[in-house]
Amino acid sequence: MPGAVAALKSGLDTPAQRRRGHTRVPRTDRGVKVPLPPLLDALGLTTDTLQSLVEDAVGRAVVNRRHGRLATAELRRELMNHAQEQLPHLPRLRARLTSGADEESAAAMRRLIDSLASITRCLPHTPPRALAKLAHDHAGDPHYFDLATPAGQRLVSAVAELAGQPEPARPDHIRSLLAGHGIIADQLSATVLLHRVRALGDGPIDRRLNEAVTPVALNLLDLVHTPPRLAPESLTVVEYPSVLEVALECASTQPMACTSGQLRAVDHALFQLAVDQGVPLRYAGDLDASGLHIAATVEQTY
């Protein structure tokens, strides 16, 4: 081994390097490091020849990782060019989309780029259209741009960039941003339960609240399009519907709302409505990590 290292130094080191005490064949924690380009030049070999010689010596196939790096770099360049063609109006998003591309994700990334290009070229959509319908028409899958998916999050980023504003974090703000560009996300499936909450207006939701003898389930559409005018009574927010069941059994008249243990767009809409109308909020949740996090969010935001 020492003789082999000495032979390598003799063939690869220049006279100037020897005078300065430098070498192209240094010892490292992992062994002796040999630079391939000068070695290939000295032996008159190509990279393919060298790989064959090494494979013969070790008796197994050797993977040339450089080829993989070059292929990945070429793939990234192709995706960047494709994104430039399809998304010239979204420079920030383009950089995020192509930064970590590899061969396995290339097809999915091309689909995302094409779908985003298709759905954002027509903004704002007039008349407004449901997000699921737009996803079906522009991506071939009604769930493709669901807001909880990576594609849905990229769509929000795209719309925020086009609007020239920071990307929103609150779910109700996200839906408001999309709605402003003619994209209507789901406003019906998620509900918040209200128990003994009085209303002072004469709208359809006000009448439902005042006439109800059991908890009323309101969706985002109810709170945004026909919001009630709430009475200025303290509203206690809880996590579990079972709390409202106990309140009902006890004939409690305390105004209560149930968020079902998480903060969704419909819950944020209710909180914002209460704050805007001067309704005091009380929050009663679990004393665990999730409950304390929700309580802190409610306190800091509202």
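**Entry 1: helix α14**

I looked up helix α14, residues 265-276, in this predicted model. I wanted to know how far apart its end C-alpha atoms should be. At 1.5 Å a residue, its twelve residues should span 16 Å. I then looked up the distance between the end C-alpha atoms, and it is 16 Å, which agrees.

Next I asked how much of α14 is covered. The helix is mostly covered, with nine of its twelve residues buried. I wrote down the buried ones: Ala265, Val266, Asp267, His268, Ala269, Leu270, Phe271, Leu273 and Ala274. After α14 comes Gly278, and I noted that its phi is positive, near 75 degrees.

**Entry 2: cavities**

I looked for cavities of 30 Å³ or more in the whole structure, and the search finds one. The largest cavity holds about 50 Å³ of space. Which residues line the largest cavity? I listed Val197, Arg198, Leu230, Ala231, Glu233, Leu235, Pro255 and Val279. I sorted this lining by type and got six nonpolar residues, two charged ones and no polar ones.

**Entry 3: cysteines**

I reminded myself that a disulfide is a covalent bond between the sulfur atoms of two cysteines. How many disulfides does the model have? The count comes to zero. I wanted to see why, so I took Cys250 and looked for the closest cysteine sulfur, which is in Cys258. The distance is 16 Å, too far for a bond, because the two sulfur atoms of a disulfide must be within 2.5 Å. Looking from the other side, I found Cys258 in no disulfide, with the sulfur of Cys250 as the nearest cysteine sulfur, 16 Å away.

I also checked whether each cysteine is buried or exposed. Cys250 has a relative accessibility of 56%, so I recorded it as exposed, the cut-off being over 50%. Cys258 has a relative accessible area of 0%, so I recorded it as buried.

**Entry 4: Thr120**

I looked up Thr120 last. Thr120 is found in helix α7, residues 106-120. Its relative accessibility is 5%, so Thr120 counts as buried, since buried means under 20%.

What does the side chain of Thr120 make a polar contact with? I found the side chain of His89, at 3.0 Å. I also noted the backbone oxygen of Leu116, which lies 2.6 Å from a polar atom of the Thr120 side chain. My note on Thr120 therefore reads: buried at 5%, with His89 and Leu116 as partners to find in the structure.

Terms used
Residues are numbered from 1 along each chain as its sequence is written. This is a predicted model: local features need pLDDT of at least 70, side-chain atom pairs count only at pLDDT 80 or more; totals for chains, interfaces and linings use all residues. Side-chain values use heavy atoms; hydrogens and water are left out. Helices (H or I, at least four residues) and strands (E, at least two) are DSSP runs, numbered from the N terminus. The expected span of a helix is 1.5 Å times one less than its number of residues. Buried means under 20% relative accessible area, exposed over 50%, partly exposed in between (1.4 Å probe, protein chains only). On a 1 Å grid over the protein atoms alone, a cavity is a set of points where a 1.4 Å probe fits but cannot get out, and a pocket is an open set with protein on both sides within 12 Å along at least five of seven lines; lining residues have an atom within 4 Å of a point. Grid points are joined across faces, edges and corners, and a volume is the space filled by probe spheres set on the points. Ala, Val, Leu, Ile, Met, Phe, Trp, Tyr, Cys and Pro count as nonpolar, Asp, Glu, Lys and Arg as charged, and the others, Gly among them, as polar. A polar contact is a pair of N or O atoms within 3.5 Å; within protein, one must be able to donate a hydrogen and the other to accept it, and residues adjacent in sequence count only if both atoms are side-chain atoms.
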